[in-house]
Amino acid sequence: MSRNGFRRCALAFALLTLCSASLLYGQTKPGLVVEGDHFTLDGKPFKVMSGELHYARIPREYWHARLKMARAMGLNTIATYVFWNLHEPSPGVYDFSGQNDLAAFIRAAQEEGLYVILRAGPYVCAEWELGGLPSWLLADPASAAALRSDDPAFMAPVERWMKRLAQEVAPLQVGNGGPILITQVENEYGGFGSDHVYMRHMRDILVRAGFTASMLDTVDGFNDLAKGEIPGVFAGVNFGLGSSKKGMDAAAAFRPGAPIFVTEYWPGWFDSWGHPHQTRSTSVQLDDLAYMLKHGAGVNLYMFHGGTSFGFMSGADSSHGNYLPDTTSYDYGAPLDESGRPTPKFYAMRKIFAEYASCGDKRGEACLPPVPASGPVVAIPALALKESASLWENLPAPVESEHTKTMEEIGQSYGYLLYRTSLPSATHGTLALEELHDYAQVYVDGKLAGTLDRREKRNTLALTTTGPARLDIVVENTARINYSKAIRTERKGITQRATLDGRELTGWKLYRLPMTALPERYVTSKASGPAFFRASFTLAAVGDTFLDTRALGKGAVWVNGHALGRFWNVGPQQTLYLPAPWLRTGANEIVVFDLMPGEKPAVAGLQKPILDAPVADQSGNRVQQ
């Protein structure tokens with residue numbers, strides 16, 4: 001063989017080797033590559049030091065600021081979930097604008113010197129409404145029963161969605177010159193099922209959509225790796241506090257000789273309404289982080305910055321049959337707090353990450369960017385909410401139905417639903433709302449008769465009238481469960497039927513209340529029952545603030561048209577984060593919807609959040625894996 005021929009063969013062999021390694025993990029173009037027990041990028045060893053933060057939980061105006069903080073803590077990568085329900089609010093209708101401009105967020109990460117892990121879903125969990133799945137999948141019983149299965153009723157809309165997602169972000173994969181190193185196939189599927197046909201089909205959908213210029217991976221808890229893995233796709237491992245050795249040992253035993261990437265390490269936890277604020281030991285977290293990095297693993301902190309589940313996007317947990325809706329704050333005890341400010345944990349973790357930083361002749365913290373200064377925080381004096389608009393006087397046209405229907409059946413996703421019917425004669429009996437999802441107030445002729453709450457498994461109420469009466473039932477979608485097979489049954493409203501002493505009530509008018517449009521007319525007298533409240537205030541300068549909701553009951557808040565999220569006086573959260581970019585110098589407007597307003601509803605802007613107010617249940621921290 002000639003010398004040139006030998007060189008051509010050697011080159012062909014080298015390319016074949018590279019392509020084989022890439023194809024093993026879904027790539028057809030060079031990118032992040034497995035070389036024995038470690039990753040390489042551009043031919044050099046690469047340790048993934050990542051932190052999770054979600055574009056939808058951060059005001060767009062703050063994306064760059066949060067990403068700069070990630071770099072300053074020593075991270076070289078960020079991870080984000082993709083929230084299908086935000087981008088396809090109804091079948092075939094897509095939104096990648098404004099706050100939902102995922103490609104702009106990914107480009108911002110690249111501009112800040114960060115790589116990206118794209119956790120594409122379609123299911124993401126994330127303590128997010130229905131785990132990011134669009135609620136319209138629940139409208140058809142066939143697709144509802146098929147969620148996260150290989151049934152065409154689920155997979156057909158999934159494939160349509162992934163193709164559309166790829167149009168936005170596939171050009172941003174590392175093999176195409178973008179920052180996306182890894183694209184995730186599904187999410188913690190081993191904690192849901194073990195259908196490997198489904199997982200392989202999901203991988204094939206991603207490949208057909210165009211996710212071939214980044215490495216594909218799966219992620220699972222260390223006890224579930226075999227159930228969620230796909231042969232030929234990299235398998236990451238998830239675990240929490242104090243489990244670094246156990247979790248890494250499990251990953252090493254599962255894929256001997258392969259790199260270990262801790263795709264989720266939980267340095268905190270989330271809060272549920274009515275339960276204690278969650279805290280975790282910082283010293284144990286630091287020991288875990290040091291152990292993982294020292295023993296060669298890459299890591300993704302879940303969360304580096306939690307942010308806020310604005311609007312109606314917070315999810316709910318299901319534990320031992322108990323319904324546990326999550327708070328609006330997703331602070332998570334993360335190194336960067338809900339408002340994007342570094343905590344003591346941030347600086348302690350920065351020292352550990354700095355041990356793996358190098359730049360020319362320098363090493364350590366000298367190679368990290370300085371920690372950016374945080375913006376101002378302002379206080380807003382107490383605002384009495386004196387203008388009001390009664391819910392009863394601001395109802396849309398109803399949908400008439402002989403039987404109760406769910407939100408999904410009448411084309412609604414979030415907010416509230418009012419059921420109205422007439423009781424033809426004097427009544428003394430038990431009202432039962434079968435499979436109430438989730439919280440209801442019952443009114444007779446406009447007067448509150450009682451409340452029912454799925455959290456407390458309370459769905460019956462003694463009802464008495466002295467004659468014919470109007471029955472109103474206001475039902476709140478408090479949050480769809482985002483975990484376990486319970487997601488398949490998370491339709492909202494009265495999901496079965498309403499009965500009085502066992503006899504079904506019929507002849508309903510259903511009023512959709514998604515809260516996408518707010519009243520325009522208010523009066524200065526206080527409305528009775530559920531109502532909207534409005535106030536104006538003037539600012540000489542803007543800054544982040546935290547709205548004190550302790551004088552309110554249960555509902556939601558909008559400031560200058562921005563939906564801040566839910567409040568509830570059961571705690572532990574008693575403030576709502578209000579970011580500076582959503583305020584204006586000069587005149588501002590706040591609107592509050594309150595299901596149970598007090599005598600003097602009011603709010604104020606505090607300089608510090610209240611996330612740990614007293615709650616009735618003091619049972620302590622919830623368990624992580």
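A cavity, as I will use the word today, is a set of grid points where a 1.4 Å probe fits but cannot get out, and the residues said to line a cavity are those with an atom within 4 Å of such a point. Please keep in mind throughout that what we have in front of us is a predicted model.

With that word in hand, let me begin inside the protein, where a search of the whole structure finds three cavities of 30 Å³ or more. The largest cavity holds about 80 Å³ of space, and its lining is made up of Leu225, Phe234, Ala235, Ala251, Ala252, Phe254, Arg255, Ala258, Pro259 and Ile260. Two elements, strand β9 (234-239) and helix α9 (244-254), give two or more residues to this lining, and α9 gives the most, with three residues. Which classes of residue do we find in the lining of the largest cavity? Nine are nonpolar, none is polar and one is charged.

The second largest cavity, with about 50 Å³ of space, is lined by Trp269, Phe270, Asp271, His277, Gln278, Ser329, Tyr330, Asp331, Tyr332 and Gly333. Sorted by class, the lining of the second largest cavity has four nonpolar, four polar and two charged residues.

Let me turn now to the helices, and to how we talk about them. Two packed helices are described by the angle between their axes and by the distance between the axes.

Take helix α4 (residues 102-111) together with helix α6 (residues 152-169), whose axes come within 8 Å and cross at roughly 40 degrees. The two helices, α4 and α6, are therefore oblique to each other, and their crossing is right-handed. On the α4 side the contact is made by Leu102, Ala103 and Ile106, and on the α6 side by Leu165, Glu168 and Val169. The residues of this contact of α4 with α6 comprise five nonpolar, no polar and one charged.

Helix α4 also has a second partner to consider, for the axes of helix α2 (residues 63-72) and α4 come within 9 Å and cross at roughly 40 degrees. How does α2 lie with respect to α4, and what is the hand of the crossing? The helices α2 and α4 are therefore oblique to each other, and α2 passes α4 in a right-handed crossing. Here Trp63, His64 and Leu67 in α2 meet Ala104, Phe105, Ala108, Ala109 and Glu111 in α4, and by class this contact of α2 with α4 has six nonpolar residues, one polar and one charged.

I will finish with the backbone. Most residues other than glycine have a negative phi, and most peptide bonds are trans. Against that background, let us look at three places in the model.

The peptide bond from Tyr302 to Met303 is cis, with omega near 5 degrees, and Met303 sits in the loop between β11 (298-301) and β12 (316-319). A cis peptide bond also joins His437 and Asp438, with omega about 20 degrees, and Asp438 is found in the loop between β21 (436-437) and β22 (439-444).

Where, then, is Glu127 placed? Glu127 lies in the loop between strand β6 (115-119) and helix α5 (141-145), and its phi is near 55 degrees, which is a positive value in a residue other than glycine.

How values were computed:
Residues numbered from 1 in each chain as written. Predicted model: local features only at pLDDT ≥ 70, side-chain atom pairs only at ≥ 80, totals over all residues. Heavy atoms only, no water. Axes fitted to C-alpha atoms, helices over the stretch in contact; angles between N-to-C directions. Helix = DSSP H or I, 4+ residues; strand = E, 2+ residues; numbered from the N terminus. Parallel < 35°, antiparallel > 145°, perpendicular 65-115°, else oblique. Left-handed = near helix turned anticlockwise from the far one by under 90°. Contact = heavy atoms within 4.5 Å. Nonpolar A, V, L, I, M, F, W, Y, C, P; charged D, E, K, R; others polar. 1 Å grid on protein atoms, 1.4 Å probe; cavity = no way out; pocket = protein on both sides within 12 Å on 5 of 7 lines; lining within 4 Å. Points joined across faces, edges and corners; volume = space filled by probe spheres on them.
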